[in-house]
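Here are my notes on this one, as promised. Have the model open while you read.

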Amino acid sequence: MGWEEKVTSGLIKGLLLAGSVDQGTTLILSNALYFKGAWTKKFDASKTRDSEFHLLDGSSVQAPFMSSREDQYMASYNNLKVLKLPYQQGSDKRQFSVYILLPEAQDGIWSLAEMLRSESEFLDKHIPVRKIPVRKIKVPKFKISYGFEASNLLKGLGLELPFSPEADLSEFFDSPVGQNLPVSSIFHKSFVEVNEGGTEAAAASAIIVRKMIPYRRRMTIDFVADHPFMFLIREDTTGVVLFVGHVVNPLLAP
C-alpha cells in the first residue's frame, strides 16, 4: 500500500504515473487531504428515486436523486441557485459545508466556472445566509475520481517561477540542495463521493523536481439539480475551499 493510499483511507491509489520517477529525479514533495463529513440533517435514503438528469449533449440519463422538503440554506439569483448543505460540527469547532451551484441554463456550467475562476469574490457574494422554505430539493448522488498532470494548467494560470531554472526550494530543507531545482511535474488526484449520509473526499498531489448580491426575500422555491452543476466543499469560519469540481453526468463511474 502506497503512502497516499494509507493517508486517504484507500481512496487515492497510484498517484505517480509509471515512468514519472527516474534516475534524474532529485526530489518528490507530496501532500494529501482526506475529508469525511456527515450532513447535519441526513437525507432519507428511502426517498431516493431515479429521475432524469439532462446532459450537455442534449440527451439524458436516469440517476438516483436524494430529496427533501425541509427548509434549506438557499439563495436564488437571475441565472443561478446556490444550495448550502452543512456537515455536523466536530470537536475542533470548524464548520464545513458543501455548496451546490446550479446555473439556470442547462449548458451554463462553463460560464459559471469562468466567473468562479475570474471573480475573486464571486463565491462570497453568493453564499446563502439563512434557511428558506422549499417545495422540494433534488440532488443526485455522485462519485468522482480524477487524476492529471497539472503543470501546464498551473503555467496557464500564471504560475511560472517554480518551473524556471531559477526556482528556489531551499525553504523545504536545512541545506542549499533546493537551490536551482525547477519543478518538472505536478501530479494531482482526487476523489469525492456524495450520498444520503454525507460526503467522503480525498486529494493528493506530488511535485516532481529534476535539476533543471444575496437573495433576501422569504419565499418557497425549488432546487432541482437535474443538469450539470458545480460543487465545492468549504470551511466556513475561514472561507478556505478544500475541494471544487463539477458534475456533468452523475452516473460516470470513477
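1. Some vocabulary before we start: two strands pair if DSSP finds at least two bridges between them, and strands are DSSP runs (E, at least two residues) numbered from the N terminus. This is a predicted model, where local features need pLDDT of at least 70, side-chain atom pairs count only at pLDDT 80 or more, and totals for chains, interfaces and linings use all residues. Residues are numbered from 1 along each chain as its sequence is written, and side-chain values use heavy atoms, leaving out hydrogens and water.

2. Let's begin with the sheet. Four strands make an open sheet in the order 2-3-8-12, with mixed pairing. Strand 2 (49-54) and strand 12 are the edges with a single partner strand each, so one side of each has no neighbour in the sheet.

3. Now strand 8. Its pairing with strand 3 (residues 60-68) is antiparallel, over four bridges, and Phe-65 has Pro-140 as its bridge partner. With strand 12 (residues 221-224), strand 8 pairs in the parallel sense, again over four bridges. There, Val-134 is bridged to Ile-221, and Lys-138 stands opposite Val-224.

4. How buried is strand 8 (residues 134-140)? Five of its seven residues are buried (under 20% relative accessible area, 1.4 Å probe, protein chains only), so the rest of the structure largely encloses strand 8.

5. Finally, have a look at Ile-100. Counting contacts as heavy atoms within 4.5 Å, and skipping residues up to four places away in sequence, Ile-100 touches Val-139, Phe-223 and Phe-229, among others.

Conventions: Buried means under 20% relative accessible area, exposed over 50%, partly exposed in between (1.4 Å probe, protein chains only).
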